[in-house]
Amino acid sequence: MTEIQDRPAAAPVATATFESLSPITGDVVGTHPIHTAEEVEAAVVRARDAAAWWAGLSYDARATHLSTWKGVITRRLAQLADLMHQETGKPHGDAMLEAALAIDHLAWAGGHAEKVLKRRRVPSGLLMANQAASLEYRPLGVIGVIGPWNYPVFTPMGSIGYALAAGNAVVFKPSEFTPGVGEWLARTFQETVGRPVLQVVTGFGDTGAALCRAGVDKVAFTGSTATGKRVMAACAENLVPVIIEAGGKDAVIIDADADIDAAADATLWGACSNAGQTCTGVERVYVHDKVYDQFMAVLTEKARDLYADASPSSPMGPITMPKQMDVIRGHIQDALDRGGRAVVGGIDAVGERFVQPTILVDVPEDSRAVQEETFGPTVTVARVRDMEEAIALTNATRFGLGSTVFSQARGMEIAERIRSGMTAINGIISFAAIPSLPFGGIGDSGFGRIHGADGLREFTYAKAIARQRFKPAMALTSFGRTEKADQQLATIMTMLHGRGTTIPKD
């Protein structure tokens, strides 16, 4: 630990620091403050003042600020991607893709906030025809965002960008593995807007817990299911609502009429891109018996050409979090011990910093490799007799984040029966790149949504107003209500709803 003597102009004061390290070399990438509970509270107080100013702006004014920030990020894209590469180890191309998708989402959020959230007339219904009803979505105030290390730009920006577009201020706590990326985002926003509408606090779990208790109006968390439960517990102390985007165990279903080459290519990319450290990454595959052998031949051929090492040309990066190596190794070993086979990779694929692609077959469905999130470049592949079995096995875990279907004729039919928040048909993780689609899961994968109109509304509260346009024919909400009015009400209700065969439409 070192002491910080100089106080940053627009950041909380901290007395201790920690280092972010390159997962490729172990070298120090940067030194960052460990913000205490008092310092986090001070950041939230500043955010509260900034939120009042930010919410007071028009939608157009906020959109202009966000567009300017978007331009700064875009012009410095190479700089951001290099920092992401240094802190996560992911290849530069993957970092560029991640940042590009985040920029696209930021543009959508800023451009659509007014349409989604502004006050609008809603039907009053026949019984309340004398009322004018309207609805709008107002910003909550200050949003706490706790981000992950695996996608340190794309994932938190799904909360940050949408919360800002909705009129909130944000205090962002990035992962301790990627604090520099979080500071970069806050710094470029400050340069653009000039007010602490977006601030960053850095540190470890205690800093994140402090943010939950610092008086924010909502917390958006991305991380493991276990940590998500601790975040919920901390937020529950003050009834702070939360969005939880937790783990996944996403499956690919491959029907007999699927494009096998495309399915194999998507499966390999979904399982091994970002070194398999993707919450919506592919971890399980269920293949129709008729095309199983063909699929395995193509998949293994493609996988044998894929590798991970420290060279700049490596298509795969390292495992960012060192302790994850034990999880990956344990899942592979459990699968092998229980009769599974590694047709590519295996236990020896797990090195000191890198894990080589591993494809496991004949793995029991109750094994750790099938039921628990591995978060590494491994995948289990199982033969199924038909799509009924594939759907049943896909739905047989406690997770429900994303999924994929490869089928020419039955893609939509199969997708609709999968218990997950999102499904891609004949593509891979495509739903995450579409700004208008909500992103999130069910079960142990969490709840709440980022992205799309649902993502904008997550960071607001609904404000409903009923305004009397003229006096009602019957005074129903009065102690002066007469027996005649009660009879008239009964007659009207019988006319409207007595038959029970139609549903009234506004």
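**Exercise 1.** In this predicted model, find how far the sulfur of C212 is from the closest cysteine sulfur, and decide what this means for a bond.

*Solution.* Step 1: the closest cysteine sulfur to that of C212 belongs to C235, at 3.7 Å. Step 2: a disulfide requires the two sulfur atoms to be within 2.5 Å. Step 3: C212 and C235 are therefore too far apart for a bond. Step 4: the relative accessibility of C212 is 3%, so C212 counts as buried.

**Exercise 2.** Repeat the reasoning for C279, then state how many disulfides the structure holds.

*Solution.* Step 1: for C279, the closest cysteine sulfur is in C272, 16 Å away. Step 2: this is too far for a bond. Step 3: C279 has 11% relative accessibility and counts as buried, because the limit is under 20%. Step 4: the number of disulfides in the structure is zero.

**Exercise 3.** Work out the strand order of the open seven-stranded sheet and name its edge strands.

*Solution.* Step 1: the order reads β12-β13-β14-β11-β10-β16-β17, and the pairing is mixed. Step 2: β12 (341-344) and β17 (424-425) pair on one side only, which makes them the edge strands.

**Exercise 4.** Describe how β11 and β14 are joined, and place helix α10 relative to the strands.

*Solution.* Step 1: β11 (residues 282-288) and β14 (residues 378-384) run parallel and are joined by five bridges. Step 2: V287 is opposite R383 in β14. Step 3: helix α10 (residues 292-303) lies across β10 (250-254), β11, β12, β13 (358-361) and β14. Step 4: the helix runs at about 165 degrees to β14.

Terms used. Residues are numbered from 1 along each chain as its sequence is written. This is a predicted model: local features need pLDDT of at least 70, side-chain atom pairs count only at pLDDT 80 or more; totals for chains, interfaces and linings use all residues. Side-chain values use heavy atoms; hydrogens and water are left out. Two strands pair if DSSP finds at least two bridges between them. Helices (H or I, at least four residues) and strands (E, at least two) are DSSP runs, numbered from the N terminus. Contact means heavy atoms within 4.5 Å. Axes are lines fitted to C-alpha atoms, for helices over the stretch in contact, and angles run from 0 to 180 degrees between N-to-C directions. Buried means under 20% relative accessible area, exposed over 50%, partly exposed in between (1.4 Å probe, protein chains only).
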